[in-house]
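Thank you all for making the time this morning. I would like to walk through one model with you, moving from single residues outward, and I will try to be careful about how far each statement goes.

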Amino acid sequence: MMARDSDDKEEKAGKAKAKAKKVAAKEKEQRESLASRIAKQTLRASLWPYRSVAFGRSTINLTLLRFFPSASGVKIKKEVISGVPGERHRPKNALPDRKILYLHGGGYSGGSPATHRSMVSRMAWVCRSEIFVPNYRKAPRHPFPAALRDVQAVWLKFIREDPEARYFLAGDSAGGGLCAALLYQLRDQDHPLPTGAILLSPWMDVRMENPEIFEIQSIDPMLRSEELRHYGEQYAGSHDLDEPLISPVEGKPAGLCPLLIHVGSADILCPDTRIFAKKAIAAGVQTDLEVWPSMMHVWHAAGILPESRKAMQRIKEWINERIAAQGPLASLNTG
C-alpha cells in the first residue's frame with residue numbers, strides 16, 4: 001500500500017514538473033528578445049522628437065535601405081507587369097508550386113520595392129517562393145483608387161504566369177490594407193482569389209478613431225495616429241474615409257480566402273486589426289490571427305530580430321499548410 005502511494009506521489013510530481021517545464025518554455029517563447037527591446041528604444045529615441053509626416057516615413061525607409069541587406073541566394077530583377085513596374089525576387093531554392101504577389105507598405109504615399117527589398121528577399125528565401133513586388137501609384141499625386149487599380153491589373157496577369165503554381169497575396173501596413181481591399185474587389189467582380197492572403201501589421205482603418213489606439217500610443221515606437229490620419233486623408237482624396245476599399249474594417253469579409261494576420265501588441269494598428277479578424281471569423285473566413293506580444297509595427301522587416309525570423313518561419317509553415325489543404329490544381333478556377 002505504501003509502495004503504491006509512493007508511486008502515485010512520484011507520478012503526480014512528474015506530471016507537475018512536466019507542466020511547469022511547458023509553462024516555462026511558453027513564457028520563454030513569448031518573452032521579448034533583447035534585440036527587440038533595443039530596436040524599439042532606438043526607434044523611439046530617434047523618431048519621437050521629429051514626428052513630421054515626411055521625416056518619420058523617410059527615416060524608416062532609409063533604415064530599411066541602408067542597414068538591412070538582401071538575402072543571399074535571391075536574384076532580384078526589375079520587371080513590368082500590366083504596365084506597373086516592380087521587382088521580382090527569384091530564390092535559388094524556389095519551389096514551382098507557389099508564387100506570391102507582395103504589396104509593400106508606406107502609408108499609401110511612400111515606400112517602394114526598394115525599401116522592402118531586404119524583407120521580401122528573406123521571405124522569398126524562407127518560403128522558397130518567387131515574389132513580385134509592384135511599385136503601385138502613390139498619393140497624394142495618385143489618390144484612391146489608383147493603387148487598387150494597379151495591383152488588381154498586376155494580380156490578374158500574375159496568376160496566369162504558371163498554371164501549376166498556387167498564388168498567394170501578401171502585404172504589410174498600408175500594403176496589408178490594400179491586400180484586403182483587393183480581396184474584396186476580386187470577390188465582388190468574380191475574379192480568382194488567392195490560395196491565401198498574408199497580412200502583416202495591416203492598416204485596416206485610415207480614420208484612426210478607435211479609442212484603444214490611444215492606449216497603445218505610448219508604447220508604439222514608430223507610429224502616431226495623427227500622422228497616419230494625414231496619410232489616410234491624402235489617399236482617400238475626394239472619397240469618404242469609411243469606404244470599405246479604403247478602410248477594409250468597414251467591409252464584409254464573407255467569401256474571402258484563408259487569412260494569416262500578424263500584428264504586434266505594441267502597434268497602434270492592433271485594435272483595428274483585431275476588429276477585422278473578428279468580423280472575418282464571424283463571417284466564416286478561415287482566419288489565423290496571431291498577436292505577437294510586445295512586437296512593434298512590421299517587425300518582420302528587422303531581420304536581426306529573433307522574432308522576425310520566427311515570423312518568417314511561421315509564414316512558410318502557413319503557406320505549406322494552405323497548399324497541402326487546397327486539393328488538386330484541376331479544381332481551381334482561374335477565370
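**Two residues with positive phi**

Let me begin with Y108, which is buried, with a relative accessible area of 1%. Please keep in mind throughout that this is a predicted model. Y108 sits in the loop between β3 and α4, the helix that covers residues 117-127, and although Y108 is not a glycine, its phi is positive, at about 65°. A second residue can be described in similar terms: S173, again not a glycine, has a positive phi of about 55°, and its place is in the loop between β5 and α6, where α6 runs over 174-188. Is S173 buried or exposed? With a relative accessible area of 6%, S173 is buried.

**The loop between β4 and α5**

While we are looking at loops, I would ask you to turn to the one between β4 and α5, where P140 lies and where P145 also has its place. The peptide bond that leads from A139 to P140 is cis, with omega near 0°, and a cis peptide bond also joins F144 and P145, with omega at about 10°.

**The strands around β2**

Now to the strands, of which the protein has 8, alongside 10 helices. Strand β1, residues 74-81, runs antiparallel to β2, and 8 bridges join the two; V74, for example, stands opposite P91 in β2. These two strands form a hairpin with 2 residues between them, and in that turn S82 has a positive phi of about 50°. On β2 there is another pairing to point out, with strand β4, residues 130-134, which also runs antiparallel to β2 and is joined to β2 by 4 bridges, with G86 standing opposite P134.

Why do I describe β2 as largely enclosed by the rest of the structure? The reasoning rests on a count: β2 covers residues 84-91, and 6 of its 8 residues are buried, so the strand is largely enclosed by what surrounds it. For the protein as a whole, 52% of the 335 residues count as buried.

**Charged pairs**

I will take the salt bridges next, and there are 20 of them in the structure. The one I would show you is between E161 and K99, where the closest N and O atoms are 2.8 Å apart. This pair links distant parts of the chain, 62 residues apart, since E161 is in the loop between α5 and β5 while K99 is in strand β3. The two partners can also be described by their accessibility: K99 counts as buried at 11%, whereas E161, at 33%, counts as partly exposed.

Another pair is R224 with E226, whose closest N and O atoms are 2.7 Å apart; here R224 is partly exposed at 25%, and E226 is partly exposed at 44%.

A further salt bridge brings together the side chains of R314 and E321, at 3.7 Å from N to O. R314 counts as buried at 17% relative accessibility, and E321 counts as partly exposed at 38%. Elsewhere, salt bridges that share partners join E79, R88, R90, K99, E130 and E161 into one network.

**Helix α10**

R314 is also one of the buried residues of α10, among them W318, I319 and I323. Does the length of this helix agree or disagree with what we should expect? At 1.5 Å a residue, the 21 residues of α10, 306-326, should span 30 Å, and the end C-alpha atoms are 31 Å apart, which agrees.

**Cysteines, and the whole protein**

How many disulfides does the count come to? It comes to 0 disulfides, and C257 illustrates the point, because its sulfur is 9.3 Å from the closest cysteine sulfur, in C179, and that is too far for a bond. C257 counts as buried at 4% relative accessibility, and C127 is buried as well, at 1%.

Finally, two values for the protein as a whole. Of the contacts with a separation of 6 or more, 78% are between residues 24 or more positions apart, and the accessible surface comes to about 15500 Å², of which 55% belongs to carbon and sulfur atoms.

Key. Residues are numbered from 1 along each chain as its sequence is written. This is a predicted model: local features need pLDDT of at least 70, side-chain atom pairs count only at pLDDT 80 or more; totals for chains, interfaces and linings use all residues. Side-chain values use heavy atoms; hydrogens and water are left out. Buried means under 20% relative accessible area, exposed over 50%, partly exposed in between (1.4 Å probe, protein chains only). Two strands pair if DSSP finds at least two bridges between them. The expected span of a helix is 1.5 Å times one less than its number of residues. Contact means heavy atoms within 4.5 Å. Accessible areas come from the Shrake-Rupley method with a 1.4 Å probe; for residues, only the protein chains shown count as cover. A disulfide is a pair of cysteine sulfur atoms within 2.5 Å. A salt bridge is a side-chain nitrogen of Lys or Arg within 4 Å of a carboxyl oxygen of Asp or Glu.
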